[in-house]
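Thanks for coming, everyone. Please have the sequence and the model open while I talk. I'll go straight in.

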Amino acid sequence: MITEGTVHAKAADWLFAALEESDGDVVLASPYLSYVVARDLAEAAERSNVAWRLYTRLDPMAAAGGFLSAEGLRKLIGAGVSVRHVERLHAKAFLVGRRGFLGSANLTSAGLGNAEASNDELGAELMPAQVESVRQAMGAWTSSEVTAHHLAEFHQQVRRLVRPIGTVRDDQAGFGPAIVEQLLLDIRDPGRRLLLKQEYGEPSLEQWRSAWFFGSPKKSEPRIKPGDLVLICAKQTKDCYVVVEVTSVPEYLPTDYADQRGDEAERWPWVNRTKPRLVPSRVLHFKPGDMGRSSQGLQNGHIGLSIEQFAEAVNALSRIPTT
């Protein structure tokens, strides 16, 4: 049912309901895009028999901040969506056939209202005449097609971003806006590896709030060094829930670790010590797939993440309020 003029605080309800009843081409505009939303839109596009177009902005700083998923854009292109770059894009608009929505929400879980800690947004459904006006305005934007080749170049642009000089003091470790900002800067340091590490059992926040450690399989000494940043994922729930920084080279079966882990220590004898970098007040249900990363390979201890993937995880975790 057409509900022109209706104001919505949760854009996701309008958008995905409209996509299920689409009576014409889909045109979306959003500078920011999260992987989860891109995945859901790609699945809807694959089920659709109409043309899809997304206007966005390939901003390396947005990707490095965790607000724009290159993997998400790649998935949309693979689903047949025409993705176009608009240099100064700031508009957020969704046109689905004869229906339209204009508001403040980006195509992210937080913007659309689907995140555990969502933004406060507002948007309104457009009248039919307004839909056509918005469609014409969007069609007049100067834009360029985004291809898989452009995304590969974009990834390199993100990697080449210069990291400002500065480090977090030890007494700052934990949580807060300044901590998150510094962490997002540090992930751009080419001297650091960005890793996803699986730990057995359920999430355990408290142990990561101070100096701690993790183990790696015994088959060979891991290439993990001080300064590397690690997103910890619980094996039982697959939740990625804290970020730590490695503070030591690998040690083989240190006494304190062997005493703590017992027989399990023999299976995971290589130990790296850590300090907290981002430890929220509660566990966020954020999975590897939510940043476009398969968990395959985690049985071997750890896998690498891109700057964009790590930043998206940091951005998600930083939305949880502290206690």
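Start with one pair of residues: L95 has G100 in β6 as its bridge partner. This is a predicted model, so keep that in mind throughout. The strands around that pair are β5, residues 93-96, and β6, residues 99-103. They run antiparallel, and 4 bridges join them.

Now step back to the sheet. It is open, has 8 strands and shows mixed pairing. Read across, the order is β1-β7-β6-β5-β2-β3-β4-β8. Which strands stand at the edges? They are β1, residues 7-8, and β8, residues 144-145. Each has a single partner strand, so one side of each lacks a neighbour in the sheet.

A helix packs on this sheet: α6, residues 128-139. Helix α6 touches β2 (26-29), β3 (52-56), β5 and β6. Its direction makes about 115° with that of β5.

Next, helix against helix. Two packed helices are described by the angle between their axes and the distance between the axes. Take α2, residues 35-47, and α4, residues 70-78. Their axes come within 8 Å and cross at roughly 5°. Under 35 degrees counts as roughly parallel, so α2 and α4 are roughly parallel to each other. On the α2 side, the contact uses Y35, A38, R39, L41 and A42. On the α4 side, E71, G72, K75 and L76 meet them. By class, that contact has 5 nonpolar, 1 polar and 3 charged residues.

Helix α4 has another partner, α7, residues 148-159. How do the axes of α4 and α7 cross? They cross at roughly 175° and come within 10 Å. That makes α4 roughly antiparallel to α7. From α4 come A70, L73, R74 and I77. From α7 come A148, L151, A152 and F154. This contact of α4 with α7 divides into 7 nonpolar residues, no polar ones and 1 charged.

A word on confidence. The chain has a mean pLDDT of 91, and 92% of its residues reach 70 or more. Where does pLDDT stay under 50? Over residues 168-174. For that stretch the model has 13 contacts beyond four places in sequence.

On to the buried helices. In α8, residues 177-186, 7 of the 10 residues are buried, so the helix is largely enclosed by the rest of the structure. The buried ones are I179, V180, Q182, L183, L184, L185 and D186. What covers them? The cover includes α3 (60-64), β11 (229-234), β12 (240-246), β14 (270-278) and α11 (307-317).

Helix α11 is itself largely enclosed, because 11 of its 11 residues are buried. Among them are E308, Q309, E312 and N315, alongside I307, F310 and L317.

Strand β14 is mostly covered too, with 7 of its 9 residues buried. Look at the strands that pair with it. With β10, residues 212-216, the pairing is antiparallel over 5 bridges. There, W212 stands opposite T274 in β14. With β12, 4 bridges do the joining, and the strands run antiparallel. V243 has L278 in β14 as its bridge partner. With β13, the pairing is antiparallel over 2 bridges. E251 has V271 in β14 as its bridge partner.

Now a single residue, E199. This glutamate sits in strand β9, residues 194-199. Is E199 buried or exposed? Its relative accessibility is 8%, so E199 counts as buried. Beyond four places in sequence, E199 contacts W208, F213, F214, G215, I232, C233, A234, K235 and R261. One of these, G215, is 16 residues away in sequence. In space, E199 and G215 are 8.4 Å apart, C-alpha to C-alpha.

Last, two backbone points. K238 is found in the loop between β11 and β12. Its phi is near 65°, a positive value in a residue other than glycine. At 32% relative accessibility, K238 counts as partly exposed. L253 lies in the loop between β13 (251-252) and α9 (255-261). Phi of L253 is near 45°, again positive in a residue other than glycine. Its relative accessibility is 24%, so L253 counts as partly exposed.

That's the tour. I'm happy to take questions.

Definitions and conventions. Residues numbered from 1 in each chain as written. Predicted model: local features only at pLDDT ≥ 70, side-chain atom pairs only at ≥ 80, totals over all residues. Heavy atoms only, no water. Buried < 20%, exposed > 50% of the residue type's maximum accessible area, 1.4 Å probe, protein only. Contact = heavy atoms within 4.5 Å. Axes fitted to C-alpha atoms, helices over the stretch in contact; angles between N-to-C directions. Parallel < 35°, antiparallel > 145°, perpendicular 65-115°, else oblique. Nonpolar A, V, L, I, M, F, W, Y, C, P; charged D, E, K, R; others polar. Pairing = 2+ DSSP bridges. pLDDT = per-residue confidence, 0-100.
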